[in-house]
Every structure is written in C-alpha cells, then in structure tokens.
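Ready for some practice in reading a structure? Take a look at the picture below, then work through the exercises at your own pace.

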Amino acid sequence: MNVRRSWILIIICLLSTVMLGRLGAEGSGSAVAQSTESTDKAAGVWRDGKAVFSDEPMLDIFNPYQRGYKPEQPIPFSHKLHVEKNKMECQYCHSGVAKSPYATIPPVELCMGCHAHVRTESPYIQKLAEHYEQKKPLEWEPVHNLPEHAVFNHERHVKAGVGCNKCHGQVNEMEVVEKVSSLRMGWCVSCHRMNGASIDCSTCHY
Amino acid sequence: MASWYPQISYTKVDDDLLEILEPPGVGWWLLLATALSCVAMGGYAWSIQVLEGIGHAGITHPIMWGVYITDFVFWVGIAHSGTLISAVLFLFRARWRMPIYRIAEAMTVFAVLTAGLFPIIHLGRPWNFYWLLPYPNQRYLWVNFRSPLLWDVFAVSTYLTVSTVFFIIGLIPDIAAARDRATGVRKFLYRITSLGWTGSHKQWRHYVAAYGFFAALATPLVLSVHSVVSWDFAMSNVPGWHTTIFPPYFVAGAIFSGLAMVITITIPMRKAFKLENYLTIWHYEKMCQLIIFTSGIVTYAYITEFFIAWYSNNPYERYQFWFRPFGDFNVAFWGMVFCNCVAPLSLWFKKLRTNIAWLFLISIIINIGMWLERFNIIFNSLSREFVPDAWGNYNFSWVETFITIGSFGWFFMFLLVFIKVFPAMALTEIKEIMIPPRRDPASAHH
Amino acid sequence: MAKEYVVVGRFQNVDDTAKAIRLVRGQDREDFNLYTPFPNHDLEEVAFEGRVRSPVRRWTLLGGMTGCLGAFLMTIWMSMDYPIRTSAKTVISIPAFVIIAFECTILLGALFTLVGLLHHSRIPNFFSSPGFRGDFTKDEFGLAVRVSKDEADKLKAEFEQCGAKQVEVQYVR
Amino acid sequence: MSSSSKKGNTNGDANGNNVSRRNFLKVIGAAGGAAATGCARQPVEKIIPYLNQPNEVVPGVATWYSGVCGECQAGCGVLVRTREGRVVKVEGNPVSPINEGGLCALGQSTLQTLYDPDRLREPMARKTGGAFSAISWKDAVAKLHAGISEVPDGKEAVLLSAPLSGSTAKLLEEFRGVFPKVRHVEYDTGGQAAVDAAAAATFGGGYRTHFDFSKADVVVSFGSGFLETWLSPARFSKQWSKTRKVDRPSGVSYVVHVEPRLSLTAANADRWVKNAPGSEAELLKALLKLIVDKRGAASISAGAGAAVKQAIAGVDVAKAAHSAGIDEKELEAMATHLAHASSSLVVAGGASISGENELACGVLANLINAALGNIGSTVMLEKRKPSETSPLSDLISKMAEGSVSTLIVAGVNPFYSLPVSSGFRSALAKVPLVAALTLNLDETASQAQLVMPASTNFESWSDSNPLPGVYALNQPSMQPLYETLNLGDLMISLAWKSNKMFGEAKTFHDYIRAQWKQRVGGVDFENRWLSFVEQGGEFNASDLSSNQATVSASAGEAAAKLSERSHGLHVMAFPNVRSVDGSSANRPWLQEIPDPMSKVIWGTWVEMHPDLAEKQGFASGDVVMVKTKDGAVRTPVFITDKIHPDVVAIPIGGGHDSMGRYGDGVGINALSIMSYAAATGGISLLNSVVTLAADPRKDHLVVTQGSDDQRERGIARWVAADDLHNQHGVHHGAHHGEPMQMYKQMEHPLYSWGMTVDLASCTGCSACVVACYAENNVPVVGKELAREGREMSWIRISRYFNNDEHRPVDGFLPMMCQHCGNAPCEPVCPVYATYHTEEGLNHMVYNRCVGTRYCSNNCSYKVRRFNWFKYDWPEPLNWQLNPDVTVREVGVMEKCTFCIQRIREAQNTAKNEGRRVEDGEVKPACASSCPTNAIAFGDRLNKDSEVSKLSADVRAYKVLDAHLNTQPAVSYLARVVHPEAAKGGGSHGKSHGSSQGGSHGDSHAAAHGGSEHH
C-alpha cells in the first residue's frame, strides 16, 4: 500500500510540474476576432519539440493594446469600403511601407486628392476638408503600437514577402480597424522562428 | 563529557524552557518597536530608491556594488552558522549544539530572509526581479545559467527552502510539547503548526531518519552556498576578486561571523530568560574554540591573498593589495584585521573566554569585522581595477545606511517574534540527551 | 470482533515501557502505538523488533536524482531553446550547469524527503489520535493498544503488572 | 551617408513653404515626444500625419542636407541629418576642402544651440520700466530702422559683428550705401585678426596668411593651439595628421610647441617647451638670429634681409633663453631642425602670445618663415582687400563719448567677452539704442533696448569664403523653430523699410543666388546652383604657392620694438575645445565633456604648479581668488606640474549669468580679469597677478579621470617612428604567452565588425565624444551627478601622463566598448541582457536589463555606463534625439554599440541592392566626426578592409588583451613619436609616473569619488 501511495504522489508531483510549465499555453483559445494565419494558430502548442507559450491572453489584461483593441477614430475611415469596393491597394495610401521602416499614415493632402470631389456631402469628408483647409492636424488613434525599445522595419518585412495581413489581419474586411495580433515579443519570435528569420536580440532591440 | 546538566526532571525542562513563551514584558515590546522603526526607516529609504532611481545609493562608476552586496554577503554569512550547528554538528554528534541549535537555525532562516532582500534591493529595476527565474514566458526567453548571479538565485533559494524545512521539522515535536501545555488561542495555533504530532514510535522512526537526511543534505549546502556567493566575486576578473581561495575563505568567514552572531543573540536571551542552566559557560567555550579556529582560517586567507598577489607578479593584483592597506579606504582593511584577526586572539585566554561580557563584546567586534571584510573586498577591488583612468571612489549615502539599519530591524523583528511564539530551545532534544529514566531498583518487583 | 477500545498504559521509565511492549508484541498485537516525548532508540528497537530502518531514504534518493537530472535537462534544454552566445562560451556550458544541478539535487532531495516524512508519519493529522495523552510529549511514555471489549481489562492488568503508573481504557467511537 | 542621399533644398525660400509653421511644429513635436518617452510602456500617442508631405520627406528615412558650420570663421562644411523635418545630427562634409569630413566638438554641438531651451524666441523691446516685452518683427524692424536712418549729426550707428565674409560682407557694403551712417566694426575672438595684423605688418596691407601644416616636416608653434581652437582647428588637425604617418616619404613631422602650459596642442607635440609667460617674442627673435646664423645671411631674400637684420639686432640668445627659463640648447636644437628641414613652419598665436607683443610675435614668425623660404610652401599668401573695419578700442571710446547713437550687436557677446577694463560695459550704457540680433538673451543682449532672435545656420541661408576659391554655401535644413532672421535677412528688411532693394533680392536667399550667379556666370546656372547646394559650396581652392610678397620695411621695426615683459606671476586665460570663446556655454554636451588635459567638467578651474600651490598652501579643489589689476575671480585650484610656475591658467568660457540654464553660474569668466590691449584692439589673455589668496567659498571640482598614471599597464602605448616594434608604456616583464582557451572563438558567418584607433592621429580633441552623445541619445547628468561619477559618456578619452618633461603625455586613448570576443561582461549577466551577436558585436538589450550591474564590475575597460536615474531632455532639446536609438530607462546599463543603428541602416540598403555591406559604408558617429580620421571601422572578415589592414599593422595592439585574453574588436595603433623626441627625456621604456604623478592621480580619483574639494 505504501509503495502504491508513493507512486501516486510522485506522479502527481511530476504532473503538476508539467502543468505549471504549460500554464501559459493553455489559455490561448482566446476570443480573437480573426485568427488569420498559421502564426496565430500555432501559438500555444507544442511544436517541433519546442514549447510555445506565446500570446497568453491571461497576461494581456495588463496590456492596454490587447487583441481586439478597436479604438474610435476621429473620422470613421472604412478600409473595407476603400479596399474591397474601390479596389485600392494598401500602398496607395501607406506609401512608406516598402521604402521606410514606417508604413506611414497618408497625408491629409492625399485624402483630399479624391475627396475634393468625391462624397463631399458626407459630414466626415467635410470634417476632413475642414482640417485640410484650416491646416489643423488630424489625430488618428494608433491601433498597432510597438514599444519604443522594439525596432520594426516595414520595408524589410514587405520585401521578404510578409503580407500585410500576417500581422494586421484582413484589414480589407474591417469597417473599423482592429488589432488582431498581440504584437508581443513571443508572437514575433514564433514567426521569425518558423520562417528562419533571425531571432538574435539585436535584430529588434538596439 | 556525557552531559553537563544537573539531572533535572523532564517536567522542569518543559517548565523552564516554555517559560520563554510567556506573554512578553515591556522590554520585549520596546525591542520590537525599535526593530519595527528600523524596518520603517529601511522601507522609506527603499521606496525613495525605487521611485526615483538606484542613484540615491552612493554606488557609482566604477563601484557598481557597494553596501547592498556587502549586506547580502554579510547576512548570508550570518546564516551559515545556524546550519553548521544544526546539521554539521548533528552529524558529528556534538552534544553541545543542543541548547543553541534552535536559535541558530532561526537565525539562519531569518538571516537568509534578510539576505534575500538585498539582491532585489540592489537591482536597477527591482520590479523585474522575477526575470532571474527560469519561468516560461511569452517572450520565449530563459535565463543565463552561466551567470554566477543565477547560481546565487538557485543557491540562496535552495538554502532558504532547505533550512526552513529543517527548521520546521525540528520544531514539530517541540510545538507538540508546547501544544500539550498551552491553552486557548495558543493551543489552537500549536495544534495546527504541530501538524498533529503525537510522538508515536511510527513517527519517530521516520522522523529520525528524515532528520538525518536533512542534516546530510544541509551539510554540503552550507559549504556550497557561501562558495557560490564567493563565486559572484571569484568568477569575475576583477583584481582582488579573481582568486581560487575565495570559497573556503568565505565559508570559514561565514561560520566565523555566524558563530559570533549566535553569541550576540544568546547572551542577552540567556540573561533575560534565565537559561544559565541550559546555556552554560561550557557551551560558550565550545563556540569560542570554533571561533578561534575559523578566525585562524580567515587570517590565513588574508595572508595568502597578499602572498599570492606578490608571488604572481601580476601588476594589477599587486597594486590592489598595496591599495587595500595603504589606499583611500584603508580604515576598512585595518578595521577588518583588528576585528577578525587580533581581537579573537583574546579568546585563547580562558579567563576572557569565560567572561560573558567580554564574549559579548568580542562577538559584536567580529560582526563588525566581517561586515568590513566584505566591504573591503567589494569596495577596494572595484575602485582600483585594470584601467587607472577609470579608478574612482565611493561614499555611501543615507539611503544605503537606512536600508542596512532596516535589514537589522527586519532580522531582529523576526527573531523577537519567533522567540515569543515558538519554542526557541530544543526541549525534545535536550530531553533526548539526558539520561533516560530507568526502573528504580529499589521499587522493582522482585 | 470490533476493536472498539484503546488501552493506554502510562509509564514512567524506559524499562517498564520496554517490558510492556514486549508483552504486547508477544500477544501478536500489531495495532499499538508507543508514544515517547523524545526518540528513544532502545524502545524503538523493541517496538519494531529491530526493523527500524525507515523507507524515507528512498524518497531522498529519488528526489536527489530527480533534481540532478531535472536540472541538467532544464539547463540544457533552456539553453538550446533560445540559444544565446556569451563570450565565446558554448551554448551548453556543462561546468556552469553542474552548480545548478547540485543545488537542485539538494533542493529536491530535501523536498522529497519532506514529502516522504509527511507521508510515512501520517502527518498532518489534525484528528486526535486515540490513546494519545498530553503528558506523552512531556515526561511519560505511553503505550496505546486497540483491543476488543473483552480483552481490555486483561491488558490493563498486564500493563499494571509491567509497572505502568496508570492504565486507562478508552472507548473509541 | 552617401552623397546620393544629400538633398538640395529646392523649395527656394525656407520660409515660403506652404506648411504653416505651427502645424509643422506640432508634427515634429509629436515625433519628438514619442522618442523621449523611453523604453517604459508608453501612453497612447496620437499619430499625426503630415497635412502636406514635403516631397523629399519619407517618414522613417533620414534626409541629408549640406551646409556650413557657422561656429567659427573656419567655414567647415557639414552634412545635416534630418528626420521627419527635424535636424538630428551634424556630420562633417567629406567634400569640403576645409575639414574633409571631420568636425570638431564645437561643430558637433551646434544642435544644442538650435534646440536650446533658453533660446530667444521672439523680438523684444525694453519697456520704460526696464523689463523686456515681446513685440512683432515689424515693430522691431521699424524701431531699428529709425535708429539707423535718423542718426543725429556728429553721431553714428555701428554694426558690431564677427568678421563677415561672402555674400553677407557684400550685402553689408551695399547696405552701407543705403544707410551711410552705419559703420561696421569687426569683433574677432578667434585669433584671425592678430594673424591678419601680423601679415599686414610684415607684407603690407592686403595679404592674409594661410598655413599648411600638411607640408611641414618641422613645425615650431609659439602658443598657437592649432589642434584645438586656433583659426581652423579641424583643417589644421587633418593637415597635421597627414604628417604623422609613418610611411610619409619625408618621415614623421617634428612638432615643437612653446607655451607656458601644457595645452592640447602641446600635449600632441613631439616636444613641449615650457617657457616663462610672455617670453615668446624674445625667443622668436633669438630663434630668428640662430636661423640666420645657421643658414647665413646670404640665403635670405633681399627683401626680407633688411627687416630680419633689424629684428635681430642686438639679440642675445643666451639671455633670451635664460629669461624664458629654458635651456639655450633648446633654442639651438629648434633652430637646427628648422634650418635643416626641407619644409618647415613657424606659427605664433593663441593666448600665451597675446598682449602687447602679439604683433611682434606674429611678424617674427612671418620673418622666420620668410627667412626659411616657407612662403609659398607652408605659408600661403592670399591677396585680399583689407578689411575696412575700425578698431574696437575706437568704438569703445566713441561709445563712451556718447557719439554712437545706435549699436547693433550681431552674434557677438562683447559685454561678456571683453575685459571689464576695456570700458565696454560702462560705454554701452551711453548708447541710446542698443539692438542685439542674438540666439540667446546673453549678457550683451540683456543690456540692449531691442533684442531680435537670430536664426541658426540650420534655419537660414548663408555663404562664406574661407579660403581663396572656396565658397561654402549653407542651406537651411529645417523650418525655423521660431520667427528668427539672420543678419542678411535683417539688412534686407531694413533696406526694404527705406524702400530700397538690393538688386531683385526679396530675401537673403535671393541675394546669395544673385551673388553666386554673378560670380560663376549665368550659363546653366540653375543646374550648377543645384549642385552647389547639394555639395555645400563651390570648392575650387586656388593654388597660392606662386604668391610671393616682399617683406615691408616696417616689418623689422614692428619686430624689433618689444614692450618690456613684466616678470612675476601671471594669469592666463586659455581657450579649450569645450568652451572656446564662451558662446557655447549653454550646451550641456560641451559642459559635460571633459577638458582633454585636466579632465574637469562643468566649471572652470585655475591650473597651478605644485610648487606655487605648496608655497601658497593650496590643495587641489580649494577655491582661490586670482586678482589682477583689472579684477578678481574665484575658482577651484587644479594642481598640475604641466604648467610653468610663474603662471596660473584659467579656461575661458565660464561665468555666464545670462546664457541659459546650463551655462549660467558654471565657473567664472576668466576674460573679465584680463587686460585690454588698446594698442592692438585685442584682449591680452595674459595678465599679471596681483594677489593669489585662498577663498572661504566652497565649490566642487569635478575631475572625471581617476589616475593620470597608467603604471606601465600598456593602455596608451607609443613607438618611435624609427623603431615601430618597440612599444612603450607597457611593462615588458609581464608579457604572457599565447593564452589557453577552453572554448573555441565564436564564428561570425556574415560580418565581424571591428574598429581601429590610430593614436598617432588622435589629438584628444573630444569631437567623437560629442558626436556619440548626439548620435546615441546619451543623457547629460549635470554637475552634481557627474561629481558622483555618474556621467554617461560612452567614450572617454584616457589621457596618461609620464614623467618626461618635454613629452609628458603618453597619449590620448579614446576608450569605448571594446566589443571583446571573450567579453567578461557577457556570461555574468543572469538574464542575457548583454550577449554576443553573430556579427561580433557585444550587444546590450536595454529592455532586458534588470540592473544587477555585474557586467560593469566585470568590464575590464570600465566602459559600461548605468542609468542611475531617469534623465530628461527639456523641450525642445528632446527634438534632437535620434529616433533610431532607444532612449534608456532608469536602472539599465548602456554602452557603445558600434552605432548598430548605422550598421542596420547600411545592411538594409545593401540587402535592397542584393550585396554585402562594403568597406567604409558604415561609419560610427565617432569615426565620422574625427577630424583626423583616427578611427576606422569595418568588417574584419573582409581581409581588404581598412580595419583588417590596420589591425594587422605592426603598431596595432589591444588593450589588456595580453593579460586577460578578452579578444577586443578594437585595435589601437600605438602613437608615433618623432625619433628625436623619443630619444630625449627620461621616459625610456619606463613611463612609470613619478611619485608626484602617482599621488596626483589618486587625488583626482578622490575628487571623482565624491570627496569634496573646497
């Protein structure tokens, strides 16, 4: 009897060790709006013999920029309308994405290129025009923010063939832009690992 | 020597020793209030340091470690004699350990609790201290097992865990004894904390075996923990730190300082609780013998350091060991030599080592000396490293002073509460080494 | 027949207690408890008929081995999982890991010993043990034997015969 | 920083862009704010896009503009790096023939004048009550216009400015046509006026001398700090460094410097001659005599002969040497070297010769050069229209008489920089309208009735003509921060007010264009103009070697007539690389970089010989009152034996009271106790000391260097030019063999970055230190924290003394992170915050750091700096922050990264072009700022790279590597010393400091460690 009890205890000890280790991995079922690519789905499983503990929503409560973050913008710009219906390319507005670290938010001037003539009756377009004419800066709410100690270069990712939707999700289907990826380090690292990109710290931190 | 006790009854042992647990007097409350004020001072200083930056401490380029690491090593050192007395002397069956080992173990646990604060206090970003633990995190990052600081994390936490377990296991039968004498809330407390100990032969059988294993595990731990602490220094390349004699030298120093601290604590206790029958001069003489021995080792280590610096013909080492006695902060060096090498020599004289007041004085001197030793090692080595243009000096700030005072308050706060709540003398083991009652031949049947 | 009674003998000295134990063992009673205020090797020898050696040692060994092996596995795996080079040292720097392994050996060895001790000694146990008396942690040796009703009086007499200061018969449940 | 990325500002008028200033400020304000928040989790920042995005701006990509550094008269070309419309960094322009790519500390720090939080932001007029109140530019111009157009009879209006050149000078001429009552007075603080005066006295008016150190085999310099502040230090440093190459056909040059104190130039010379203060003229005379004796009178051209004869009449060499306190043989050797050299140069200038005999010294130097036949080889003569300026002394007396009705002070600060004894301060009060066009409300401006904010070179157009044929053109590289004007635009506005126009110029930009069109011709002008703007000017330096001039007859007289030298204790006010003339006092970078010689930061000090200090009973750090007949100052004493006992020396530049938060109250103004040499119109920077007394006041001397003695540890090593293998400064007995290593060295598959520093070229000028501060967002901690040793500089220049009397410096060694292959710092970090990258960098991940500081303890080079507190950049200083570099949080370690952001940028470009990074493509900030190209950087895997070649040089060594096997990626090339200099002195193989030096060093350490000196 003693021997049997001992073994049960040992097994419990070992199991709890493993459970503790997996703690982070367990919760990632998550209420992510759109889990687009394998990067996201792969999070939270054992893969290639490596434990993947990324993206635990548990800890996201401390992060103001968690997935699903969907701020109201000063002008309710619809990506869906512009991309799906009007067939505009991402780079038409985010022109810096392939030549600069920043994707860049387009200058108001660019909006006015069309909206000087198109839909001028809309109150929001009128607000836009007011900003332009009064030279009043337009303050957009950032959705995808990285901390300052992380260096991210859009140019390199785009040139490596990483599609916009890999990180930003299907923005073309969004009326209001929403954060679909945690943009946290483990999330970055898992994609880098899968694609053979460098996981050297100095790739992103300097 | 079989026993130094007058043959007294078990009841008397219980009565004498459990009397310590009687409700405290004014003196105790005053001491506790003092300790708490010290803790408050330290807490205030630390809060400022956390809120505004570690720069409030005097540490600066190039002396990146100062009073905090000195305190850390000091308290880890204090912790050592507890385990030495309880574990090593247990294995050597040194009977004189019995009356002091409980208080020494308590000292160990509380000193490690104190020491464990300092690595966190000295961090630049203490709120991230848990990054030193190898826990799974979303960043996929682990820790650097090559760093002596990580060895420290493992060594100190292991030491804290093992010494706490050892301490609590030793306490259980005594708490059970206290439980069976107590009433009211205390009885409830002891009922819980004694875990339902009855002292049946089935329990004693495992208890004695387990106690032996704890002692066997704790013995190499005593040696390893301060070795690991010494590797914080010895593993670096700093002249004056990078030396192979550090582990034995640190371990000896730790035991030296720990014994001194045991004396410092037990002398007032003995007086306050009238324990002269249990803590006899004989016990103190035994401790003095160990102190003389470890003092000798420490002195030898000091001499060796100088000899090797000279013999190595290494200009950096040579300069360092010239700088210690003759440099900007030679007070620490000469203070250390006096406190650790010269003052303990008086214990060779029986007249002095049997004088309790003198012993108390010497024990405090040794404590100061051992603090100075660590400060001397840290400060002097860092201030005169390889490139002379980067040499610099160090003035410690009020924040460091307050936090150091706070650490003493923290330590004594635990100790004061402990001696009033749990049996501070190992009554079970005192009973064990007394001659067990045999059948009185006179009243025997046939 | 249900053993609903506990006969508790209170003894004042080792010799009487030993005699009582021998008596109980001679009656092939395994279900007895000997309470002593401190461990006494002579009494234990009698109580266990020499088979005192505790199985706790196996826990210690197991814990130590788990700690050592676990620490090596942990350090090596963690170093390989996100390999970061420092100072031209290899990713798997065994000499450094030995120290971690040593500490873990001690740590788990001690913790497993603790578990073994608690497990085998049946503590924590917050229910009062039948036959235990408070004086058994102070200065008396107690021998508690579970017996059926009709055996109780006989045993009580025998204990008194052995020199018990007092013998109590307690009804349990 | 390829030239293709340079952009010409084609928008024309810098102010005429259709982005309104206010919106622009908001845009860049947001960017600046984001950069300053550090690596803590930050609050949500709004994204504010441009309303109209300028064509050349791609957010996230730097735009470079060429320009001119306007800090001194040298006219060095700069390249200005801008991000999202704000200037973030200045580099030297490699195509400029002046500085050829380097830039001095002063030039590097110009950004902190642009973003000076205390800069004047709007015009202000003094109300009747005495306080200033803001007025509009229109009112300001109207007020000033009235002041210069309605000048009463018998009175005049004066424009006081630094010497002007290029279009500004031309415009001023035309301006004076509009306003005939305006007179121009030049106020020169850089030493050019003295050189010009000497040239005029020697060769007659209309000549300017230009020096070419690159051709000189022997240089004898009397006081002229040509490697630090004198005339054109970046250019001279580059020229000098070219003569310090061991493979130079005519060998390494021999440089002798004569000065009573060890200046930076003296420290870099092969031989420093410590003369008694004021004895230079006699020495020059004696030198001339010896040269004439050696070469024979016949060798001297007929024109010069008479003057030389007159100059050396009655000279007693022995007496002169004795009087100067030097060995006669010293002069003899100097003369021998000069006489035998195929090409040589003698220069005189700087603080130590200033005063009554300044002109004579200049003339004598010119005569020696003429006697040696150096005119046309190392001394070039430029024919130049003589300046029409009238002497400053004349202005002061006129002001005092009350005959100046309006004084416009443009860009100078005479109230601060003229000695009290000049009478300027009292005379200023007699001028009814004082108008100041100024960057800060400085001492002079705060006495004015009308102050107008001046624009910096980053915000306005300007040009200059520093050398014949060299026209430097400066374009604005960002929108003006405030409503500011430069002098050109102000003159145009004033003329406009009189309904006058200069040609068709509506703005100064138009005027400059018109001038250039006139000069270069109208053919294809638009395209050529664009290329001028793009490369920063027109660089067709004229060959002046054929210009010869006869020595005028009066030269002999000017040289012969010497004022009697006053004996006894003197005080010298000397300029140094970090404070120059004091106008840069409000730049925290310059306050926090150490003086290369004393290593003191934040404040002034008085250098004193130990004998004198002992006699007076002063200890290092005691506050001492130095009193001359012209005033008294109190400042801490700095004891050094590298100064003549008859002189104490105080740096110029401290003691401001109206400069701004960083400059005010720091140190004392040494200029205030100097005497004013009315004869030459200049300040005598040497004055007799009346009293030297202890002062009960307390002050701290912040010395950043621990010890001056390297104790033969082989840190700063030197070799003789004829014996390159024998490195000195290292204890030869302690050499270790090839070290054993447990692990194999790490392999670097792609790149292995490395650096070499050629100590033969490094002068210790500290430009790299400032460049590093600017590039890497290194915080400035201020005096109190610096005193505790918390300064953050990633590079420190280790300066080690030896006990050689004539070459007392072992070298200047820029010590930055060595990026060790076996880095001691890396394995001790418990959290991998520092580790080794595949590219061989020792990298620091700031955000992983928990602050155990173990790495710094274990760093053998002590180059890791710790953020003890959170340091702030008050608005708008934070606009300068480099957006590519993380701003560090409190409690993290930081150190040199080899400018990894530049490596990454180059790798990005290379990857886009499908190639490897080429050699020379990455230049860290320190390397690109170095005026002497001492620092090389590149890939060590590429065997043809400059770094690979240099690190295989026979002079190359790695600091401490032999002892510690740290395998640094930085190699130093031992300093080269002329064989002659290596022979002399007592430092043969034992540069071990004297006991005096040793204890001296330790007392410095004490100062740094925080023990207070009172």
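**Exercise 1.** Find which strands of chain D helix α12 lies across, and work out how the sheet beneath is built.

*Solution.* In this predicted model, start with the helix.

- Step 1: α12(D), residues 328-340, lies across β9, β10, β11 and β12 of chain D. Its direction makes about 135 degrees with that of β9(D).
- Step 2: Now add helix α13(D), residues 358-371, which packs on the sheet and touches β9 and β12 of chain D. With β12(D) the direction of α13(D) makes about 175 degrees.
- Step 3: Put the strands in order. The open sheet of chain D has four strands, β11-β10-β9-β12, and their pairing is parallel.
- Step 4: Look at the edges. β11(D) (271-273) and β12(D) (344-348) each have a single partner strand, so one side of each is left without a neighbour in the sheet. From one strand to the next, the twist averages 10 degrees.
- Step 5: Zoom in on one pair. Strand β10(D), residues 254-258, is joined to β11(D) by three bridges. Val258(D) has Val273(D) as its bridge partner in β11(D).

**Exercise 2.** Decide how α7(B) and α4(C) are oriented relative to each other.

*Solution.* Take the angle, then the residues.

- Step 1: The axes of α7(B) and α4(C) (residues 94-121) come within 10 Å and cross at roughly 165 degrees.
- Step 2: Angles over 145 degrees count as roughly antiparallel. The two helices, α7(B) and α4(C), are therefore roughly antiparallel to each other.
- Step 3: The crossing of α7(B) past α4(C) is left-handed.
- Step 4: Residues making the contact include Phe213(B), Phe214(B) and Leu217(B) from α7(B), and Phe102(C), Ile106(C) and Leu117(C) from α4(C). By class, the contact of α7(B) with α4(C) has 13 nonpolar, eight polar and one charged residue.

**Exercise 3.** Describe the wider contact between chains B and C.

*Solution.* Count, then sort.

- Step 1: Chain B gives 52 residues and chain C gives 59.
- Step 2: On the chain B side, α1, α5, α7 and α15 of chain B each give two or more residues. The largest share, 17 residues, comes from α7(B).
- Step 3: Sorted by class, the chain B side has 28 nonpolar, 14 polar and 10 charged residues.

**Exercise 4.** How many residues do domain 1 and domain 5 of chain D each bring to their contact?

*Solution.* Locate the domains, then count.

- Step 1: The domain assignment puts domain 1 of chain D at 3-114 and domain 5 at 713-725 + 750-1007.
- Step 2: Domain 1 of chain D brings 23 residues and domain 5 of chain D brings 27.

Note on methods:
Residues are numbered from 1 along each chain as its sequence is written. Chains are lettered from A and ligands numbered from 1 in the order in which they are written. This is a predicted model: local features need pLDDT of at least 70, side-chain atom pairs count only at pLDDT 80 or more; totals for chains, interfaces and linings use all residues. Two strands pair if DSSP finds at least two bridges between them. Axes are lines fitted to C-alpha atoms, for helices over the stretch in contact, and angles run from 0 to 180 degrees between N-to-C directions. Two residues are in contact if their C-beta atoms, placed from the backbone, lie within 7 Å. Ala, Val, Leu, Ile, Met, Phe, Trp, Tyr, Cys and Pro count as nonpolar, Asp, Glu, Lys and Arg as charged, and the others, Gly among them, as polar. Domain bounds come from an automatic or database domain assignment. Angles under 35 degrees count as roughly parallel, over 145 as roughly antiparallel, 65 to 115 as roughly perpendicular and the rest as oblique. A crossing is left-handed if the near helix is turned anticlockwise from the far one by less than a right angle, and right-handed if clockwise.
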